[in-house]
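Hi everyone, thanks for coming. I'd like to walk you through one structure today, so have a look at it first and then we'll talk it over.

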Amino acid sequence: MARAAKVRPADDRKIPEGRRRIGTEMTGAGVRACPRCRSSNRGGARYCARCGLNLSEAVASDAAGRVRHPRPIAPPAGAQPANAAADLHFTWEAAWGGRPILGTEGLAIALHNGGYPLRDVILRLIGRDAKGAEIVRIDQTVEELPRGIATRIEIPSYELPDRSVAAIAVTLVSAEFGPES
Ligand SMILES: [Zn+2]
């Protein structure tokens, strides 16, 4: 026997019965602004009703770059994950291409954002020598990290020490959500 399907947003399914709100009225305390698109959601909502952002992972405006995309784009083989970031990976090489050999070459870092588009991104780049000692620390601002497009940044040789950089770590300091491309 056919029955009208009960329409219920997907994000309600895992909320315990006792936490479900009755009706659709929203009170001040029960409303949560999405840090990505700013639209209002119920306090207990797991996903933003407008843009789909995972609100259970989002931490206020600090969420940009740290919330996993539901369909992340896989990074290229050999890419390393960035610290404190979701869906952000990088590869690096000497600025002219290939592995750095001398300590006098610039470095090129390719950032692979497989998640939500980001803008006004601040990254901390830390370079270590072969013995693991920190020899480079640069906070780098990147205007935009679109989704699915490699973004290349270069560290000129004059910002680098004479010693050869053997390892690079990239940490996300902060970011804003960027426009959909
Ligand atoms: Zn949203």
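**Starting from one isoleucine**

Let's begin with isoleucine 109. Leaving aside its neighbours within four places in sequence, Ile109 is in contact with Phe90, Trp92, Leu125, Ile153, Ile168 and Val170. Keep in mind as we go that this is a predicted model.

So what is Ile109 part of? The largest nonpolar core here has 30 residues, and Ile109 and Leu118 are the ones with the most contacts inside it. Which strands feed that core? At least two residues each come from S4 (88-94), S5 (107-113), S6 (118-128) and S9 (167-177). And where does the core sit? It lies between domain 1 (29-63) and domain 2 (80-177), because both of them give residues to it.

Okay, now the strand S5. Is S5 mostly enclosed or open? Of its 7 residues, 5 are buried, so S5 is largely enclosed by the rest of the structure.

Who are the partners of S5? On to the pairing, then. Quick reminder for anyone new to this: strands of a sheet pair through backbone hydrogen bonds, and they can do that parallel or antiparallel. S4 and S5 run antiparallel and are joined by 7 bridges. If you want a spot to look at, find alanine 108 in S5, with glutamate 93 standing opposite. S5 also pairs with S8 (residues 150-155), again in the antiparallel sense, over 6 bridges. There, leucine 111 has threonine 151 in S8 as its bridge partner.

Put that together and you get an open sheet of 4 strands, in the order S3-S4-S5-S8, with antiparallel pairing. Which strands are at the edges? Those are S3 (80-81) and S8, since each pairs on one side only.

There's another sheet to show you. This one is open too, has 3 strands in the order S7-S6-S9, and its pairing is antiparallel. Its edge strands are S7 (134-145) and S9, each pairing on one side only. How much are neighbouring strands of this sheet turned against each other? On average it's 15°, direction ignored.

Within this sheet, have a look at S6 and S7: they run antiparallel, and 10 bridges join them. One pair to pick out is arginine 124 and its bridge partner in S7, aspartate 139.

Last thing, back to the core. S4 and S5 supply residues to it, and so do S6 and S9, while Ile109 is among the residues with the most contacts inside it. That's me done, thanks!

How values were computed
Residues numbered from 1 in each chain as written. Predicted model: local features only at pLDDT ≥ 70, side-chain atom pairs only at ≥ 80, totals over all residues. Core = buried A, V, L, I, M, F, W, Y, C linked by C-beta atoms within 7 Å. Buried ≥ 20, exposed ≤ 12 C-beta atoms within 10 Å, placed from the backbone. Domains from an automatic or database assignment. Contact = placed C-beta atoms within 7 Å. Pairing = 2+ DSSP bridges. Axes fitted to C-alpha atoms, helices over the stretch in contact; angles between N-to-C directions.
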